Amino acid sequence: MIVSASYKTDIPAVYGDWFRARRAAGACSVRNAWNGQDFSVSLRDADVDGWIFWTRNARPFADELRDIAATRPFTVQYTVTGYPHALERAVAPAAAAIADLHAIATRYGPDAAVWRYDPVVISDATPLDWHAENCARLAGALAGAVNEAVVSFAQIYAKTRRNLDRAAAAAGNPWRDPGAGEKADLLGTLSGAAGANGMALTLCTQPGLADDTGIPGAACIDAARLSRVAAHLGHAPVAAHTRGNRPGCLCAEARDIGAYGTCPHGCAYCYAVADHDGARRAHRAHDPRADTLEPARETVQA
């Protein structure tokens, strides 16, 4: 079994104490977002083939990565966008994240981390040309640290639209969802920047754009990549079936142990947080000794 920690919240950056406690206990509890039922996920080495970590800041998690690497492979899906404060209220500076990615590659090998430049948000502060320049600059700084760059355009769910609209009103930074042609043109530019710096550009769960541009789809939970990390660390390879979460998703089957509505980073475009104030309350109220990250209902509604 592959364990994902977590595309729903940033466990390495803000819930590392909880993760360490649950790994020591050997299991955690996760709530099914569809039916509200809780289920247990084993975190014992005997039951975990590999780990996928999703983060914007892995530095607080460095000791845990070292401990995990002694027994199992992992990869880090590391988001670095360098967006302005109007879109990202409380994330690590891009320069710090870049230095951390180089440190991870040096210690654990060239497949241990993947750079995520996503989601791409088009706004007055981040127009198409800005993304072309920004992504090229970041790719240059990350050359040698990663060999894959994952991109996607923001998925405009109802809660995403509400949060983007609020952020736009507060900062005077209107946003828009560009047409398919504009997206395809920008993807071609980003692909060139990635390729010039030794990275393959992949596209996360947007099959229409993949068909239009020829850019391959991303397997963010990637058993083959985990197996390459395993070989580098001297562990057994990882086998898993592909089981995507939505159309175009190429991810391997995994169990995610995070919880929606718990990440305090405050990114205006986040699909995993409907209420940023509620997410900050949930983070402040969370007990690292609890068996789950799921916030108490009264905490979020307070």
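The side chains of Asp67 and Arg66 meet in a salt bridge, with N and O 3.5 Å apart. The term salt bridge here stands for a side-chain nitrogen of Lys or Arg within 4 Å of a carboxyl oxygen of Asp or Glu. Asp67 is partly exposed, as its relative accessible area is 38%, and Arg66 is partly exposed too, at 34%. For these labels, buried means under 20% relative accessible area, exposed means over 50%, and partly exposed lies in between (1.4 Å probe, protein chains only).

Before going on, a word on the model. It is predicted: local features need pLDDT of at least 70 and side-chain atom pairs count only at pLDDT 80 or more, while totals for chains, interfaces and linings use all residues. Residues are numbered from 1 along each chain as its sequence is written, and side-chain values use heavy atoms, with hydrogens and water left out.

**Salt bridges**

How many salt bridges does the structure hold? The count is 17. Side chains of opposite charge can pair when their charged atoms come close. Three of the pairs are set out below.

| Pair | N to O distance | Relative accessible area |
|---|---|---|
| Asp67 and Arg66 | 3.5 Å | Asp67 38%, Arg66 34% |
| Arg116 and Asp118 | 3.1 Å | Arg116 5%, Asp118 11% |
| Arg176 and Glu182 | 2.9 Å | Arg176 39%, Glu182 30% |

Arg176 and Glu182 are both partly exposed. Salt bridges that share partners also join Asp111, Glu148, Arg225 and Arg228 into one network. Are the partners Arg116 and Asp118 buried or exposed? Arg116 counts as buried because its relative accessibility is 5%, and Asp118 is buried with a relative accessible area of 11%.

**Backbone features**

Asp118 comes up again in the backbone: its peptide bond to Pro119 is cis, with omega near 0 degrees. Pro119 belongs to strand E6, residues 113–120. Helices (H or I, at least four residues) and strands (E, at least two) are DSSP runs, numbered from the N terminus.

Another cis peptide bond links Ala5 to Ser6, where omega is about -10 degrees. Ser6 sits in the loop between strand E1 (2–5) and helix H1 (11–14).

Thr205 is worth a look in a phi/psi plot: although not a glycine, Thr205 has a positive phi of about 45 degrees. You will find Thr205 in the loop between strand E10 (200–203) and helix H8 (207–213), and at 7% relative accessibility this residue counts as buried.

**Cysteines**

If you are setting up bonds, note that the structure holds zero disulfides (a disulfide being a pair of cysteine sulfur atoms within 2.5 Å). Why is Cys220 not bonded to Cys204? The Cys204 sulfur is the closest cysteine sulfur to that of Cys220, but at 3.8 Å it is too far for a bond. Cys220 is buried, with 3% relative accessibility. Cys251 is likewise in no disulfide, and the nearest cysteine sulfur, that of Cys249, is 3.7 Å away. Cys251 is buried at a relative accessible area of 6%.

**Aromatic residues and the surface**

A search of the whole structure finds twelve aromatic pairs. Rings of Phe, Tyr and Trp (its six-membered ring) pair if their centres lie within 6.5 Å; planes under 30 degrees apart count as stacked, over 60 as edge-to-face and the rest as tilted. Which residues form one aromatic cluster? They are Phe19, Trp51, Phe53, Phe61, Phe74 and Tyr108.

Tyr157, Tyr260 and Tyr271 make a nonpolar surface patch of about 280 Å². Patches are made of residues with over 30% relative accessible area and no salt bridge, joining like charges within 9 Å and nonpolar side chains (Val, Leu, Ile, Met, Phe, Trp, Tyr) within 5 Å. Accessible areas come from the Shrake-Rupley method with a 1.4 Å probe, and for residues only the protein chains shown count as cover.

Within this patch, Tyr271 is in the loop between strand E11 (254–256) and helix H10 (276–285), and counts as partly exposed at 36% relative accessibility. Tyr260 has Lys159 over its face, at 5.5 Å from the ring centre. A charge sits over a ring if NZ of Lys or CZ of Arg is within 6 Å of the ring centre and within 35 degrees of the ring normal.
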